[in-house]
Amino acid sequence: MLRAVFDFAAHETTPAAPGELELIQRFMNLHEHRAGVRGDLPPSPELVKWFLVDRGLMDDGDPWTHADHKLALDLIEALHAKVRENYAEPAGSRDVAVIDRVTDAAGLTPRFGLAGPPRLEPKATGAAGGLGGIVAIAFLAQLDGRWGHLKNCAHETCRGVFFDHSKNHSGKWCSMQKCGNRAKAKAWRERHEARGRRA
Ligand SMILES: [Zn+2]
């Protein structure tokens, strides 16, 4: 479990989205690296469970099956599809079905009580409730317009999602530190090579 914590902490350079949307952003950006393998790998069962437990969405003692992990990965894909809707690219029926499945399994219920803002709460506990908690936050972010600020990183091999904090919606990279600098270095190389060819 410690290894997963370290991996997650060491590779997250994307500035946090505001409020609870930060949790969704981190969930969508969960990934792992393996020695000798290029690029990002999908998060392992241990990493996804650790994340949900760490964020208080389920208990460490709750079972976490292969099917739960598979559904979590499908949910990550479906949420990526919902981010692409921000670029007028409608989510496919498969992604919509995954979100509905998670919603139904969790028994998401509106709570409109006196204290605090309106919420959606899962009736289920465990893995079903944990994944439902993710959908609940995404749902409310769509309602109040925050979801519209989520973007996919413009770097071709990066799957990072970020919250565009810029005033004019011009943000391009999940992190200036990582993909912004990679893009700048690539542009510099290309200019350099073009000059070399002209010389
Ligand atoms: Zn990126």
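## Exposed loop residues and the packing around helix H4

Ala-88 counts as exposed, because 6 C-beta neighbours lie inside 10 Å and a residue with 12 or fewer falls in that class. In this predicted model, Ala-88 sits in the loop between H4 and H5, and its phi is near 60 degrees, a positive value in a residue other than glycine. His-169 can be described in a similar manner: this residue, although not a glycine, has a positive phi of about 55 degrees, and it is placed in the loop between S4 and helix H7 (176-198). With 11 other C-beta atoms within 10 Å, His-169 is exposed.

The chain to which these loops belong contains 7 helices and 4 strands, which follow one another from the N terminus in the order α-α-α-α-α-β-β-α-β-β-α. Its C-alpha atoms fill a box of roughly 70 × 40 × 30 Å, taken along the principal axes, and buried residues make up 32% of the 199 residues. Of the contacts in the chain with a separation of 6 or more, 50% are between residues 24 or more positions apart.

Helix H4 (residues 66-84) has 19 residues, which at 1.5 Å a residue should span 27 Å, and the distance of 27 Å between its end C-alpha atoms agrees with this expectation. The buried residues of H4 are Asp-68, Leu-71, Ala-72, Leu-75, Ile-76, Ala-78, Leu-79, Lys-82 and Val-83. The elements that cover these buried residues include helix H2 (21-28), helix H3 (45-54), helix H5 (93-106) and helix H6 (126-143), together with strand S3 (150-152) and strand S4 (161-163).

Two of the helix pairs that involve H4 are set out here.

| Helix pair | Axis distance | Angle |
|---|---|---|
| H4 and H5 | within 9 Å | roughly 125 degrees |
| H4 and H6 | 11 Å | about 5 degrees |

The angle of roughly 125 degrees between H4 and H5 lies outside the ranges for roughly parallel, antiparallel and perpendicular pairs, and the two helices are therefore oblique to each other; their crossing is left-handed. On the H4 side, this contact involves Leu-71, Asp-74, Leu-75, Glu-77, Ala-78 and Ala-81, which meet Asp-95, Val-98, Ile-99 and Val-102 in H5. By class, the residues of the contact of H4 with H5 divide into 7 nonpolar, no polar and 3 charged.

For H4 and H6, the angle of about 5 degrees is under 35 degrees, and this pair is therefore roughly parallel. Here H4 contributes Asp-68, Leu-71, Ala-72, Leu-75, Leu-79 and Lys-82, while H6 contributes Ala-127, Leu-131, Ile-134 and Ala-138. The contact of H4 with H6 has 8 nonpolar, no polar and 2 charged residues. Leu-71 and Leu-75, which are among the buried residues of H4, take part in the contact with H5 and also in the contact with H6.

Helix H7, which follows the loop that holds His-169, has 23 residues and reaches 31 Å from its first C-alpha to its last, close to the 33 Å expected at 1.5 Å a residue. H7 is hardly covered, since the count of buried residues among its 23 residues is 1.

Technical notes:
Residues numbered from 1 in each chain as written. Predicted model: local features only at pLDDT ≥ 70, side-chain atom pairs only at ≥ 80, totals over all residues. Expected span 1.5 Å × (residues − 1). Buried ≥ 20, exposed ≤ 12 C-beta atoms within 10 Å, placed from the backbone. Contact = placed C-beta atoms within 7 Å. Axes fitted to C-alpha atoms, helices over the stretch in contact; angles between N-to-C directions. Parallel < 35°, antiparallel > 145°, perpendicular 65-115°, else oblique. Left-handed = near helix turned anticlockwise from the far one by under 90°. Nonpolar A, V, L, I, M, F, W, Y, C, P; charged D, E, K, R; others polar.
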